[in-house]
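Trainee: I'd like a close look at one part of this protein rather than a tour of everything. Could you pick a region and walk me through what packs where?

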Amino acid sequence: MTSTALAVDLGSSSGRVIAGVLADGRITETEVHRFPHTATMRDGYLSWDLDLIYREMVQGLRLAVAQFPDAASVSVDTWGVDWVPLDAGGDPLTPGRCYRDERTSRTLGGFQARLSDERAWELTGIAPATINSANQLFAYLTEEPALAARTHQILFLPDWFTYLLTGVTGWSRSIASTSGLCAPGANAWASEVFEALGIPRAWVGELTPEHGVAGACTVPGLEQLTVVRAGAHDSACAVEALQRDEGATCFLSAGSWSVLGVLRDSPLLGGQARSLGLTNEACADHGVRPLFNITGLWILQESQRDWKAAGQVHDIAELVECACQADSLGVVIDPDDPQYAQPGSMVERVTRALQTAGALGEISQGQLVRALCESFAERYARGVRDLAALTGQQPTQLNLVGGGSRNVLLCDLTARCLGIPVLAGPAEASTLGSLLVQFEVMGALEPNQRNEVIAATAETRIHRP
């Protein structure tokens, strides 16, 4: 017996629709549609083109149903923290604002006057950051009060797209946990945060459990699909593709953001965790993912855009090959430095930082890419050490999933810095996790079969120190 599910995985630079066929104990994935997108300035704010994303998503789903007519389900996951304000009729009041917009920096002083970083951590277990949904909502109330007054509800991005597919609203636990609005463990909203910041509690409904059905798809031509909440947050989906019996193994989902963490039943709290910048996000089924959100391959992606605009080599495979052949500069950057959070002129900023750190002479593309990979690897090693200190467990392996698992140099350097093996892959962990959950929800896969299916499906490599 075969079963087919569709995964819509929306990242901050591209989206894709993947069909997964479960047969003979393994899942075969086919990329049906992929499209680029980017945030641009609109009405004075950095915004996503959510209409374009939705059109491309529906186009991809129609192509998938045509190619896989027995497809039975679909689930949508996206990046975290962004949301859409809706009026009383359920229509969006603004374009999709981007978490990198500077409005939250302008309003940070007012935010902290109402809610200190220390108190925010105590109430949520989420590391304070200007990108958090709580900061964005406070900025919305401060800078766009007329629109805020018309706001009836807000939906986080994956729940917005699920609403467009079904007409059913929800506030999925894994995506809500990224907002800075939930109590530690993300089983309830943090009412004191809403009150302190003046955010109407009526803007959100009760937290919505995942690993369940959202509703029937109502989009013409896609009515055969059941829409499943498999894991609204992409990194929550990614850890669904990990085998769960690996003891103290850490996970790293390496994409635009590097999400480095462990799986636990309860959050890691306290002064040490707060001082290290730890954040406690929810798993899609139960438990939490204490983790570090590290500015990751975004820095390299922005550098690629700079080189493309300058007519230079910008293909990632070519750049990594150049980096493998290049001599190390012997210096690194700190990926957590706020200067790397904003788009544009990334090569210039990284070059300047490397020269300030002691790099001599002209820096080639290969050297810059190598320096970035070395910087990421050293940051990962520090994060793993911090997690070991907080949990009291020394990891025996790092599971590195996501697009970064294709970067052989990054994986080799990470294994060297950590001193433990790195299991690289699957590269498309978010989609595999989404498909696995959908098959379980739809009754095609038993939970106790998951590890066996992952082992048969995932393409992995071992990188040793």
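Mentor: Happy to! First, the vocabulary: helices (H or I, at least four residues) and strands (E, at least two) are DSSP runs, numbered from the N terminus. The model is a predicted one, so local features need pLDDT of at least 70 and side-chain atom pairs count only at pLDDT 80 or more, while totals for chains, interfaces and linings use all residues. Residues are numbered from 1 along each chain as its sequence is written, and side-chain values use heavy atoms, with hydrogens and water left out.

For orientation, the protein has 18 helices and 18 strands. Its radius of gyration, taken over C-alpha atoms, is 21 Å, which agrees with the value near 23 Å that a compact globule of 465 residues would have; that rule is 2.2 Å times the number of residues to the power 0.38. The C-alpha atoms fill a box of roughly 60 × 60 × 50 Å along the principal axes. Of the 465 residues, 59% are buried, meaning under 20% relative accessible area, with exposed being over 50% and partly exposed in between (1.4 Å probe, protein chains only).

Now to the part I would pick: H463, in strand β18. H463 counts as buried because its relative accessible area is 6%. Its side chain makes a polar contact of 3.0 Å with that of R461. Such a contact is a pair of N or O atoms within 3.5 Å; within protein, one must be able to donate a hydrogen and the other to accept it, and residues adjacent in sequence count only if both atoms are side-chain atoms. Setting aside residues up to four places away in sequence, H463 touches V408, C411, D412, A415, I420, P421, V422 and A424. Contact here means heavy atoms within 4.5 Å.

Several of those partners lead us to helix α16, which spans residues 408-418. Its buried residues are L409, L410, C411, L413, T414, A415 and L418. An α-helix has 3.6 residues a turn, so residues three or four places apart point the same way. The buried residues of α16 pack against two helices, α13 (316-325) and α15 (365-391), and against strands β16 (398-401), β17 (422-424) and β18 (461-463).

The two ends of this helix deserve a look as well. At the start of α16, a side-chain oxygen of N407 comes to within 3.2 Å of the backbone nitrogen of L409. After α16 comes G419, with a positive phi near 75°. Further on, G425 and P426 are joined by a cis peptide bond, with omega about 5°, and P426 sits in the loop between β17 and α17 (429-441). Most residues other than glycine have a negative phi, and most peptide bonds are trans.

Finally, follow α13 outward: the loop between α13 and α14 (346-357) holds D327. In contrast to H463, which is buried, D327 is exposed, since its relative accessible area is 60%. Leaving aside neighbours within four places in sequence, D327 is in contact with Q367 and R370. D327 and R370 are 43 residues apart along the chain, and their C-alpha atoms are separated by 8.2 Å. That fits a wider pattern: among contacts between residues at least 6 apart in sequence, 71% join residues at least 24 apart.
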